[in-house]
Amino acid sequence: MRTGHTHLFIPGPTNVPEDVRQAMNVPMQDMRAPDFGDVTLSLFSDLKGIFRTEKGQVMMFPGSGTSAWEAAITNTLNPGDKVLMARHGQFSTLWAEMAERLGLDVLLVDVPWGAGAPVKEFERQLAADTDDEIKAVFVTHNETATGVTSNVAGVRRALDENFHDALLFVDGVSSIGSLDFRMDDWGVDLAITGSQKGLMMPAGLGILAASERAMEMSQTSTMRRAYYDFGDMVKMNADGYFPYTPPTQLLHGLRKSLDRIATEGLDNVIARHTRLAEGVRRGVAAWGLDLVAEHPSLYSNTVSAIRTPQDVDARDVIRIAYEDYNTSLGSGLARLAGKVFRIGHIGDLNEGMCLTALSVAEMALIRAGVRLEMGSGVAAAQSWFVSDVQTERHFHVAAE
Ligand SMILES: *Cc1c(COP(=O)(O)O)cnc(C)c1O
């Protein structure tokens, strides 16, 4: 029998705030009713703010984030198109696999898991591509498997400096709405997210924004698509409707979660993720453990992937935390299985919750055989949170 809260510190699905959960508890509705747009139209405009785009076209497909990957690819590219992408974690690996399965010619750059998108190598490949054979560059903004945030603006610069007009695709599933992401400033053509990470919702909406250029490409692109067709979706969305039954409850929940983000202020949301992540990282450093991310400039503010010592199986840490302390920590994915556990610090989160994650992880690490001083990680994070209290006040004032 489990008592109390079961804590969720995985990088998605994230904790759904109580008022978002309540907002979804509504009777079923007629999705063709004349006033259905009252529910939906504001979502499209407010999501633009989350993507930081003025002219981007926002769409929501019933599905998880992966569905938005597929929609982005099949609507804008052509069979056999060459696309440039890097593999540096499980999500970029899966995205590359999808691109191959859908019939693209994937130019893969393998870099270590823990590195970011290789801007210099992309730059070299783009410069060498004088016939403009590369039709798109794919960047995983925040590689959730390794806790690495990549330099999207740098990839944009590499494209611009080579006068290369490949489309820029960005997987922002674990960054958009929680890390600094700028669709327009960075010239992103296809920006992809899902409902269950920064947006603090259940899974079920694949959300994307397409630039004007991407929308133009979708007029002539010849890849096969049906369910995920941009044209069908955009035509119906114009009046707030969908080409098929939308998950109405999720739309109500999204309304509430966007209200929450607006009330806190997106800049404050981003600052909060930065502050909380720093506390977690200080805790990890106090344990003497390493992050997978190779360099501080790559540290993700939504998830930390933590290496256990060689003789300790990270799966034991995760199992003990779950079975004995009601706490879900993220697992090591694919080649990181057994070597890494992750603390998700994304979405609806505060200092106390991060301290719980560190405290439980500490107990589980010690019981799994890691030698560390009990309380050391918690104390390091506490010191940071206390020292940072002025900054927090500043943000509260700014939000009021
Ligand atoms: C979670 C995640 C995905 C996959 O999203 P699903 O909603 O599980 O389909 C893709 N990319 C990144 C970076 C993610 O974190």
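**View 1. The residues around the ligand in this predicted model.** Let's start where the ligand sits: its surroundings are formed by S64, G65, T66, W69, F91, N142, T144, D171, V173, S174, Q196 and K197. Sorted by character, this shell holds three nonpolar, seven polar and two charged residues. Which helix gives the largest share of the shell? That is helix α3, spanning residues 65–76, with three residues.

**View 2. Polar side chains beside the ligand.** Look for D171 here: one of its polar side-chain atoms lies 2.6 Å from a ligand nitrogen atom. Q196 places a polar side-chain atom 2.7 Å from an oxygen atom of the ligand. For K197, an N or O atom of the side chain is 2.7 Å from an oxygen atom of the ligand. How much of the ligand does the protein bury? On its own the ligand would expose 380 Å², and 88% of that is buried by the protein.

**View 3. An open sheet of seven strands.** Try tracing the strands across the sheet in the order β2-β10-β9-β8-β5-β3-β4; their pairing is mixed. At the edges you will find β2 (57–62) and β4 (105–110), each of which pairs on one side only. From one strand to the next, the twist averages 20°.

**View 4. Two parallel strands, β3 and β5.** Now zoom in on β3 (residues 82–87) and β5 (residues 134–140), which run parallel and are joined by four bridges. Which residue of β5 stands opposite L84? The partner to find is V137.

**View 5. Helices α2 and α8 against the sheet.** Helix α2 (residues 37–51) packs on the sheet and touches β2, β9 (190–194) and β10 (205–210). The direction of α2 makes about 110° with that of β2. Helix α8 (residues 230–237) lies across β2, β9 and β10 as well, and runs at about 105° to β2.

**View 6. A cis peptide bond in a loop.** Here is a detail for sharp eyes: the peptide bond joining G12 and P13 is cis, with omega about 0°. P13 belongs to the loop between β1 (7–9) and α1 (18–23).

**View 7. A positive phi at D132.** What is the phi of D132? The angle is positive, about 55°, although D132 is not a glycine. To locate D132, follow the loop between α5 (119–128) and β5.

Terms used
Residues are numbered from 1 along each chain as its sequence is written. This is a predicted model: local features need pLDDT of at least 70, side-chain atom pairs count only at pLDDT 80 or more; totals for chains, interfaces and linings use all residues. Side-chain values use heavy atoms; hydrogens and water are left out. Two strands pair if DSSP finds at least two bridges between them. Axes are lines fitted to C-alpha atoms, for helices over the stretch in contact, and angles run from 0 to 180 degrees between N-to-C directions. Contact means heavy atoms within 4.5 Å. A residue is near a molecule or strand if one of its heavy atoms lies within 4 Å of it. A polar contact is a pair of N or O atoms within 3.5 Å; within protein, one must be able to donate a hydrogen and the other to accept it, and residues adjacent in sequence count only if both atoms are side-chain atoms. Accessible areas come from the Shrake-Rupley method with a 1.4 Å probe; for residues, only the protein chains shown count as cover. Ala, Val, Leu, Ile, Met, Phe, Trp, Tyr, Cys and Pro count as nonpolar, Asp, Glu, Lys and Arg as charged, and the others, Gly among them, as polar.
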